[in-house]
Structures are given as C-alpha cells and as structure tokens.
2 protein chains.
Amino acid sequence: MEARGIHHVGVAVDDLDEAVRTYERLLGGRVEHRVRVEDQGVEAVSMRIGDGRVELLSPLGADTPVGRFLANRGPGMHHVAYAVDDVGAALRDLAGEGAELIDAEPRRGMFGLEVAFVHPDSVHGVLTEVVANG
Amino acid sequence: MEARGIHHVGVAVDDLDEAVRTYERLLGGRVEHRVRVEDQGVEAVSMRIGDGRVELLSPLGADTPVGRFLANRGPGMHHVAYAVDDVGAALRDLAGEGAELIDAEPRRGMFGLEVAFVHPDSVHGVLTEVVANG
C-alpha cells in the first residue's frame, strides 16, 4: 500500500476553544470544520495550517477514548492520519502485512470520508489512521 | 506568522532499522535521508510517505532528549514540524505571542535547514518545530 501523504495530525486537547485560538495565533491556522461525534465521544475541529491539517480532539466525557488518553498521557499528539486512495484496499494490504487493525472495515469519519485506525502496537507506538484521499 | 504546512512528523523509536522497514512495508515509505547528529544525541531517518514526511528518531544513548522521552513515554509521536518562510521571523512572532521558545535563535537541522523548537507547554502539549521551507 502506498499512502499519498499525511492527511492530518490528530491532537488531544483539554480546552477546544483555547486550542483553536492557540493554533490561529501561533501558526496562522484556520478552522475548516467543527463536529461533535456522540458515538466516538469526541468534539473535533479540523484546522488548516497552510496546506497541512491538524485535527483538535476534545472528549465529551472522561469515559471516552480521548478522555482516557488525556487522563493517562495529558494533552498532546494523538494520531497520524495518512491519505490513501481506497481505505478498504488499504485495510486488506495492512492485514496482509500482519498489522493489527482497530477497524476491520472502513467507517465514516470527519467530512463523511471513509477512515480506519491501525493499532499503535503495529506502528511503533503511533496510532495510525488511513483516510480516503478526498 | 503563517506556517506553510506540515514539514514532517517526528517519531521516537527504539529500533531505527525495524521502524524504517515498518514504514516501507505498511505505508509505502521511502528513505530520503539518514543522519547521525552527535550533539543532539540522535540518529534520524527522514522518510517520504507520498508527499508527506516522517522523521524517525533513535537515541544515541539513554541520557539524551530522545532517550529520556523513550524512557518516560515509550515509542511514539515526538513532535510536529511546520514549514515557515523565515525561521528567525517566525521566532520573533512566536515570542511576541508569548510562546516559550526552546531555541531562541535558529539552528541547523536535517538537510542543513534552519530549525527551531517551541516548548510543548505553549502548544497544548505538542512539541512544535518550525523549519525553513526548503
């Protein structure tokens, strides 16, 4: 599988509005999209930083994946997402290489794009996402 | 200051050769550059992943910044680097916004490009680098 590039870097934050202001102020970031995803327990803001993208993630409660991440590790980098042409094909390739998949099938992520996550144990500690190149 | 995009994502790893193989195998990564920087206590491999870039960082010893990072947090995401037109001007802007700078002046990083680091406390837990857009 050949990823097309880095789609975004996911960052877990305690205070979403404050984090948006920090990325605007320090790096010239611009809010692209804001969404609350109840079943993932997260509110997310996608920001463009030049032609790059950072996804700020804030938990809807302590007992959510991002809530537990913040409790264990504090705010900081959460995942790296790579753009791929076909998420289903990427998952088959990744499974064929022995990678441990968190999502066996593509699911809908931000912007309605297909996404899936690969377990950090398979990528030297980096929670890795593949996103449809859209 | 307006960053131009994400220059690379820095990842701390225990085994540099094994990590290179993982990024080749799972994501179609290609080694771009490998360098040993004695005064930073690190051996680094820059890999292209499509049009993105990941910098794999392996410590030359336990008592180095990346060695301490690995001992404290284990392998995983280490920093995010943004491309900027002028690192010196970026540092002045960042200081003017009250950001805590690790490097008060630009220094030479990978590829001989000017780089500087901003303290994670100023960027919601993310160690942030600015790199000359080269």
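A salt bridge is a side-chain nitrogen of Lys or Arg within 4 Å of a carboxyl oxygen of Asp or Glu. By this rule, the side chains of B:Arg4 and B:Asp85 form a salt bridge, with N and O 2.4 Å apart. The structure is a predicted model. Chain A and chain B bury about 3500 Å² between them, and the two copies are related as by a two-fold rotation axis.

**Symmetry of the two chains**

- Two copies of a chain are related by a rotation about an axis and a shift along it.
- Here a turn of 180° with a shift of 0.0 Å along the axis lays chain A on chain B, and the RMSD is 0.0 Å.
- The relation is therefore that of a two-fold rotation axis.
- A:Met77 has the C-alpha nearest the axis in chain A, at 3.2 Å from it.
- Both copies use the same surface, since 100% of the contact residues of chain A recur in chain B.

**The interface**

- The size of an interface is often given as the accessible area lost when the parts come together.
- Between chain A and chain B this buried area is about 3500 Å², and carbon and sulfur atoms give 64% of it.
- A:Leu26, A:Met77 and A:His124 supply 22% of the area that chain A buries against chain B, more than any other three residues.
- Chain A brings 41 residues to the contact and chain B brings 42 residues.

**Salt bridges**

- Over all chains, the count comes to 22 salt bridges.
- The pair B:Arg4 and B:Asp85 links distant parts of chain B, with their positions 81 residues apart in the numbering.
- B:Arg4 belongs to the segment before S1 of chain B, whereas B:Asp85 sits in the loop between strand S5 (76–84) and helix H3 (87–96).
- Across the interface of chain A and chain B there are 2 salt bridges.
- A:Arg25 forms a salt bridge with B:Glu97, and their closest N and O atoms are 3.3 Å apart.

**The cavity**

- Rolling a probe the size of a water molecule over the atoms shows where empty space is left.
- The whole structure has 1 cavity of 30 Å³ or more, and the largest cavity has a volume of about 30 Å³.
- Its lining is made of A:Leu26, A:Leu27, B:Leu94, B:Val118, B:Val123, B:Thr128 and B:Val130.
- Helix H1 (16–27) of chain A and strand S8 (128–132) of chain B are the elements that give two or more residues to this lining.
- By class, the cavity lining has 6 nonpolar residues, 1 polar residue and no charged residues.

**The second largest pocket**

- The second largest pocket holds about 510 Å³ of space.
- It is lined by 24 residues, and those closest to its centre are A:Ile6, A:Asp51, B:Ile6, B:Asp51 and B:Gly52.
- Strands S1 (5–12) and S4 (52–59) of chain A, along with strands S1 (5–12) and S4 (52–59) of chain B, each supply at least two residues of the pocket lining.
- The pocket lining has 6 nonpolar, 10 polar and 8 charged residues.

Definitions and conventions:
Residues numbered from 1 in each chain as written. Chains lettered and ligands numbered in written order. Predicted model: local features only at pLDDT ≥ 70, side-chain atom pairs only at ≥ 80, totals over all residues. Heavy atoms only, no water. 1 Å grid on protein atoms, 1.4 Å probe; cavity = no way out; pocket = protein on both sides within 12 Å on 5 of 7 lines; lining within 4 Å. Points joined across faces, edges and corners; volume = space filled by probe spheres on them. Helix = DSSP H or I, 4+ residues; strand = E, 2+ residues; numbered from the N terminus. Nonpolar A, V, L, I, M, F, W, Y, C, P; charged D, E, K, R; others polar. Least-squares fit on C-alpha atoms with pLDDT ≥ 70 in both. Contact = heavy atoms within 4.5 Å. Buried area = accessible area lost by both parts, 1.4 Å probe.
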